[in-house]
Amino acid sequence: KQETQTGNTEAENLKKVTFVLDWTPNTNHTGLYIAQEKGYFKDAGLSVDIVQPPEDGAAVLVASGKAEFGMAFQDTMAPALVGDNALPITAVAAVIQHNTSGIISRKGEGMDTPKGLEGKKYATWDNPVEKAMIKDVVEADGGDFSKIEMIPSTVTDEVSALKTKSVDAIWIFYGWAGVKMEEEKLDTDYFQFADLNPVFDYYTPVMIAGNDFLKNDPETARAFLGAVSKGYEDAAKNPEEAAEILCKAAPELDKGLVLASQKYLADKYQAGVDVWGYMDPKRWNGFYNWLNDNGLSNPAIPENTGFSNDYLPQ
Amino acid sequence: MIRKSQSITNKLWSCSAVLGLLLLWQGICSAGIIEAYLLPSPASVGRALITEFPALMEHGKITLKEAFAGLFLGVVLGFFIAVIMDHFHGLYRAIYPVIILTQTIPTVALAPLLVLWFGYEMTPKIILIVLTTFFPVAIGLLSGFQSVDPDEVTLLRSMGAGNVSIFRYIKLPGAMGQFFSSLRISASYAVVGAVISEWLGGFGGLGVYMTRVKKAFAFDKMFAVIILISVISLLLMKGVDYLSKKCMPWEEI
Amino acid sequence: MIRKSQSITNKLWSCSAVLGLLLLWQGICSAGIIEAYLLPSPASVGRALITEFPALMEHGKITLKEAFAGLFLGVVLGFFIAVIMDHFHGLYRAIYPVIILTQTIPTVALAPLLVLWFGYEMTPKIILIVLTTFFPVAIGLLSGFQSVDPDEVTLLRSMGAGNVSIFRYIKLPGAMGQFFSSLRISASYAVVGAVISEWLGGFGGLGVYMTRVKKAFAFDKMFAVIILISVISLLLMKGVDYLSKKCMPWEEI
Amino acid sequence: MVHLKAEGIKKSFEGRTILEGVSLELKEGELVSLLGASGGGKTTLFQILAGLSLPEEGHVFIDEREVTGKPGNVSYMLQKDLLLPYRTVVDNVALPLLLSGMRKKEAREKAAGYFELFGLEGTEKKYPSQLSGGMRQRAALLRTYLFKRPIALLDEPFSALDMLTKHAMHEWYLKVMEEIKLSTLFITHDIDEAILLSDRICLLTGSPGKITREILIKEPKPRSVEFHLSEEFLEYKREITKHLLDGKIR
Amino acid sequence: MVHLKAEGIKKSFEGRTILEGVSLELKEGELVSLLGASGGGKTTLFQILAGLSLPEEGHVFIDEREVTGKPGNVSYMLQKDLLLPYRTVVDNVALPLLLSGMRKKEAREKAAGYFELFGLEGTEKKYPSQLSGGMRQRAALLRTYLFKRPIALLDEPFSALDMLTKHAMHEWYLKVMEEIKLSTLFITHDIDEAILLSDRICLLTGSPGKITREILIKEPKPRSVEFHLSEEFLEYKREITKHLLDGKIR
Ligand SMILES: Nc1ncnc2c1ncn2[C@@H]1O[C@H](COP(=O)(O)OP(=O)(O)OP(=O)(O)O)[C@@H](O)[C@H]1O
Ligand SMILES: Nc1ncnc2c1ncn2[C@@H]1O[C@H](COP(=O)(O)OP(=O)(O)OP(=O)(O)O)[C@@H](O)[C@H]1O
Ligand SMILES: [Mg+2]
Ligand SMILES: [Mg+2]
């Protein structure tokens with residue numbers, strides 16, 4: 001909407017692209033907002049709308065062509081890749097190189113390793129992949145998964161959930177909720193899945209695109225990812241500026257939290273790879289094979305399904 | 001006799017309308033105009049309904065339990081509010097705007113707060129259902145109580161009747177019609193309310209099932225749940241109609 | 001004169017009731033019985049209302065635009081359905097159950113599908129609002145049309161009037177009362193419907209703002225939005241009341 | 001000259017014959033009353049005469065022209081006053097003018113011109129619910145009159161009024177009738193009223209209903225209260241009551 | 001012996017005095033009619049006599065005992081029949097018995113015992129809407145009667161009925177009255193009815209209303225149709241009509 005106002009003559013020459021977020025704006029989306037704000041999209045001949053979708057709605061919107069790109073996660077998009085409900089989508093860029101998610105708990109209650117979850121209240125989304133991953137790490141740590149008290153996750157505010165002891169342990173992305181704990185000066189214990197089992201170092205979040213769009217208009221896809229990658233590179237270099245731009249786009253966010261999160265993420269956008277967004281087939285397949293082996297995907301997901309590095313800037 | 005055969009033709013008409021829509025829908029899907037992940041065909045939805053039947057029943061039971069509990073409490077609350085507002089005029093003036101206010105608050109928006117306050121067990125769900133169901137009942141009953149013919153009250157007073165007798169012999173039966181038409185609305189709110197409240201989280205119920213199949217991109221199952229919810233609502237409404245006929249035989253003549 | 005002063009006391013009553021609740025709420029919060037992240041105090045909500053005022057107005061404008069567009073189309077659709085069902089008896093039998101069916105479908109559950117089909121621009125939101133608002137209007141108008149005194153129709157026929165005149169001079173004005181009381185319901189549905197539809201996503205609107213502040217753990221702002229939504233609903237309802245008084249001067253005497 | 005003529009009317013509802021072989025004449029300028037038991041079919045007959053309902057047998061003529069089943073040829077005032085509650089009195093009264101295609105302003109002016117004659121002055125902008133019973137009835141009569149057909153069918157125009165108002169309306173009606181020269185067919189339950197107002201009284205009795213008796217009232221019009229309380233009046237009343245009570249027993 | 005006595009009753013509504021200085025007596029076994037213009041305050045007076053409304057001045061006595069403002073001492077039948085639509089006829093009629101604390105079954109049986117006398121046999125299990133007007137009125141009368149107070153106030157009990165039904169009800173009522181021996185105060189608009197049924201007629205006229213005339217009807221009861229159509233009857237009617245019309249002009 002706002003874009004249509006900036007000069008009609010230009011707008012006509014620009015290619016319209018729509019990006020759906022995973023839900024509400026946060027620091028994972030910084031690169032998009034920087035590219036938008038600094039005109040990288042326009043330079044690439046694009047006019048981009050950034051849209052907030054219904055919860056869990058991005059993948060289908062991208063599949064149906066209502067949006068060209070969207071935000072997704074390697075774990076939750078698994079059911080969209082195979083079987084009756086397969087959607088024509090492909091992951092085209094990893095936003096963050098490593099999986100920074102893990103389980104956080106109040107400090108000193110013994111949940112610094114997975115075994116400590118025994119007898120504790122864990123807020124679950126009741127997702128089979130989620131539960132299998134926890135089972136894997138708990139058992140690897142010599143614990144008994146069945147002893148964890150599972151309660152339904154209704155958590156909107158992780159800090160207060162822990163503070164009020166309504167929950168003992170929560171699955172979070174450290175770059176947002178973890179940083180928020182620090183900001184609120186709540187001492188916590190945290191373990192990260194990727195550290196416990198390398199298979200769990202999958203890509204989360206990722207950018208996805210519709211297959212038809214990729215086939216028919218690869219140039220636009222490349223142009224878009226080129227501009228976005230510049231955005232994320234900027235974010236990596238200058239967290240303060242990134243925080244400011246994000247807060248401008250999403251004023252409801254807490255500025256302190258955004259800045260802290262931005263600083264935490266700065267070296268993680270492009271950690272250890274030359275090109276932002278690159279997805280290592282070994283890690284991608286590794287996680288899906290683990291799903292296959294544990295019977296979490298029906299049918300099994302074939303090698304090299306659902307991602308492509310072809311549209312990243314070279 | 002004439003009435004009966006007429007109601008049968010009515011049913012034929014509406015069935016054929018529904019059937020027509022279904023055929024159109026199947027046609028669109030079969031012709032491949034719309035892809036399956038945009039709109040599952042009625043056939044695949046039917047299949048999902050059958051294969052998922054045990055799971056749906058399981059979850060449906062939980063939802064129905066919540067809906068009934070909420071509806072029951074909502075009706076009780078609505079009844080008391082109506083009686084109190086009818087009886088104490090001062091309270092009426094004080095409570096009425098507050099009640100209207102509660103109804104302009106989007107309950108769905110309240111949902112996350114309710115979980116925060118009351119935990120994730122039944123309580124917040126039932127509160128949400130009560131909040132949506134008590135209102136039609138209270139308003140319906142109240143207007144029923146107040147639309148009573150004042151001459152009927154005079155008649156009973158002339159026979160030396162007190163407030164309790166007036167309530168029992170005039171206000172209560174006089175408000176029955178309004179009560180049942182409100183109950184009909186409340187009953188259908190109760191089911192939808194239960195489903196929404198389950199989005200708040202929990203381990204069972206059609207709302208939970210719905211979020212799960214959504215995450216699994218299983219739109220046929222999603223439609224199956226939606227249809228099941230519709231059917232439950234319709235059955236509940238029919239149930240209320242039946243009850244109202246039983247309770248108000250004088251309407252039948 | 002008597003009426004006027006009575007309506008003022010009524011307002012006093014209700015204001016003091018609302019005020020009392022507010023004070024109680026503030027008291028609970030100030031006493032620290034409930035922590036701020038569970039229930040923000042009225043003072044902090046008030047502060048949020050003030051500091052967020054520009055943002056709220058911005059988003060509110062979008063929501064109102066959707067609500068009005070949806071309400072308008074819903075009323076138009078409801079009107080046509082009512083006229084058609086009143087006129088063609090066969091269609092009435094065919095359409096009525098289908099319409100009841102659409103109302104048992106939980107619209108909130110439909111929402112994600114609507115986005116899928118119609119994109120995240122205005123269209124799906126307006127469709128959702130239309131779906132919720134047309135129903136009360138259609139039903140209200142229809143029952144208004146049908147509760148017309150058949151003797152009035154006979155009277156006009158005896159003067160040689162045709163269907164159009166009968167509609168214009170009898171059915172339409174006779175259904176006005178029912179129309180406005182339905183419109184009142186539809187208007188408040190429209191706002192809540194717009195907010196819910198915005199959870200579907202999009203670029204702005206109170207629903208989008210609400211999901212964002214919820215995600216950002218800003219409960220004071222969350223309450224501020226809820227209050228704003230309540231106020232908008234109330235204002236719209238008052239607006240309908242005003243309109244109904246203007247359009248039905250004969251009710252005023 | 002015969003103005004309105006009905007011949008051999010038959011009508012049934014749900015298999016029950018209400019009217020059979022009913023014939024009736026109304027001459028120009030005449031006022032004829034129709035008396036009969038409740039449910040006897042008087043309103044049904046009026047609906048047929050007004051062309052709103054089709055008889056199974058029989059015909060209706062106005063000035064020799066057949067009008068069976070054709071509405072719009074007579075001014076018909078229904079059993080209730082039927083003022084539309086959402087129109088002001090003047091707009092109610094102007095309704096037949098509007099329906100005949102007259103423009104709103106003109107219709108209102110024309111209608112307002114009769115308000116004094118009908119004793120309604122000052123009520124133009126009021127709503128019907130603000131009028132007393134007598135005024136409502138007068139407004140309904142004015143509306144019927146403004147339909148400007150030479151024949152008026154009035155179905156119990158005064159039955160909802162209390163005794164004194166009725167008395168006043170009778171006096172007023174007898175006076176107005178002189179001026180506006182309508183041919184009127186008149187249903188009533190009130191024998192006194194029928195004797196007071198009619199040139200001729202038709203008694204509809206039996207099941208199926210038939211006109212079994214016609215009584216001419218010879219007293220010149222307008223008739224005074226003295227006539228009402230005279231022995232002559234009583235004689236008419238005796239005759240009618242006897243016939244109606246007999247009709248009931250048959 | 002004087003059964004019911006009202007003395008110097010005054011009542012106003014919204015600053016307008018409706019009744020002033022109304023005094024009235026009803027002796028045992030007597031039937032007294034109250035005639036007067038619509039809106040004259042007849043119903044208001046009944047409400048005061050029934051103890052449902054407090055007069056500003058004046059007192060009501062029953063058998064010398066003051067009952068001003070105390071309901072439950074007389075059987076009062078309101079202007080409408082007021083049968084509760086959601087109760088069967090027998091349950092409607094048994095209402096006063098239930099209210100006096102009788103058990104349901106017993107009350108029903110007792111009420112059913114009177115159905116024949118009141119010409120209601122076979123309607124016990126029906127709902128009021130299934131009854132004809134005359135039957136509804138009879139059921140309301142039976143209900144009033146079952147309240148078993150020695151004094152009955154009947155507010156226009158027959159006014160909603162058509163002429164023939166009314167005739168039949170009059171005959172029936174005169175017969176039943178003989179059997180059940182009530183003292184009755186009776187409001188009507190129908191002068192014929194008042195003359196036919198009453199021992200005495202009170203005329204309530206003027207504004208504020210006062211009882212300005214009392215007329216004794218000497219004809220023995222039950223009275224025949226012949227009396228109705230007699231010169232004597234007409235004389236009574238003349239007197240009442242004159243007085244009422246005069247009262248209107250004053
Ligand atoms: N549309 C109809 N369908 C079925 N029965 C009807 C219809 N209209 C009238 N009747 C029946 O026909 C009979 C005669 O009715 P009608 O209204 O003509 O009587 P009436 O003489 O006008 O009575 P009243 O004096 O009470 O107005 C009644 O038994 C009535 O129930
Ligand atoms: N509760 C009340 N409040 C205000 N005015 C009242 C009330 N009850 C009666 N009135 C007025 O008192 C007057 C007398 O009314 P009442 O009903 O006693 O007359 P009535 O003689 O019974 O008339 P009718 O013959 O039409 O029944 C009327 O003008 C009426 O409007
Ligand atoms: Mg009739
Ligand atoms: Mg009265």
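How much area is buried between chain B and chain C, and what percentage of it do carbon and sulfur atoms give? The legends below start with that interface. This is a predicted model, in which local features need pLDDT of at least 70, side-chain atom pairs count only at pLDDT 80 or more, and totals for chains, interfaces and linings use all residues. Residues are numbered from 1 along each chain as its sequence is written, chains are lettered from A and ligands numbered from 1 in the order in which they are written, and side-chain values use heavy atoms, with hydrogens and water left out.

**View 1. The interface of chain B and chain C.** About 3,700 Å² is buried here, and carbon and sulfur atoms give 80% of that area (buried area: the accessible area, 1.4 Å probe, that two parts lose on being put together, summed over both). B:W13, B:R93 and B:T104 supply 16% of the area that chain B buries against chain C, more than any other three residues. Contact, meaning heavy atoms within 4.5 Å, links 42 residues of chain B with 42 residues of chain C.

**View 2. Helices on the side of chain B that touches chain C.** The rule finds 0 salt bridges across this interface (a salt bridge: a side-chain nitrogen of Lys or Arg within 4 Å of a carboxyl oxygen of Asp or Glu). Helices that each supply at least two residues to this side include helix 1 (2-30), helix 4 (89-104) and helix 8 (163-198) of chain B (helices: DSSP runs of H or I, at least four residues, numbered from the N terminus). Helix 10 of chain B gives the most, with 9 residues.

**View 3. The axis relating chain B and chain C.** A turn of 180° and a shift of 0.1 Å along the axis lay chain B on chain C with an RMSD of 0.2 Å (least-squares superposition on the C-alpha atoms of residues with pLDDT of at least 70 in both). This is the relation of a two-fold axis. In chain B, the C-alpha of B:V108 is nearest the axis, 4.7 Å from it. Of the interface residues of chain B, 100% are also interface residues in chain C, so the copies meet through the same surface.

**View 4. The interface of chain C and chain A.** Chain C and chain A bury about 2,300 Å² between them, with 66% of it on carbon and sulfur atoms. C:Y120, C:R212 and C:F217 lose the most area to chain A in chain C, together 31% of what that side buries. C:R212 also forms a salt bridge with A:E252 through their side chains (3.8 Å, N to O).
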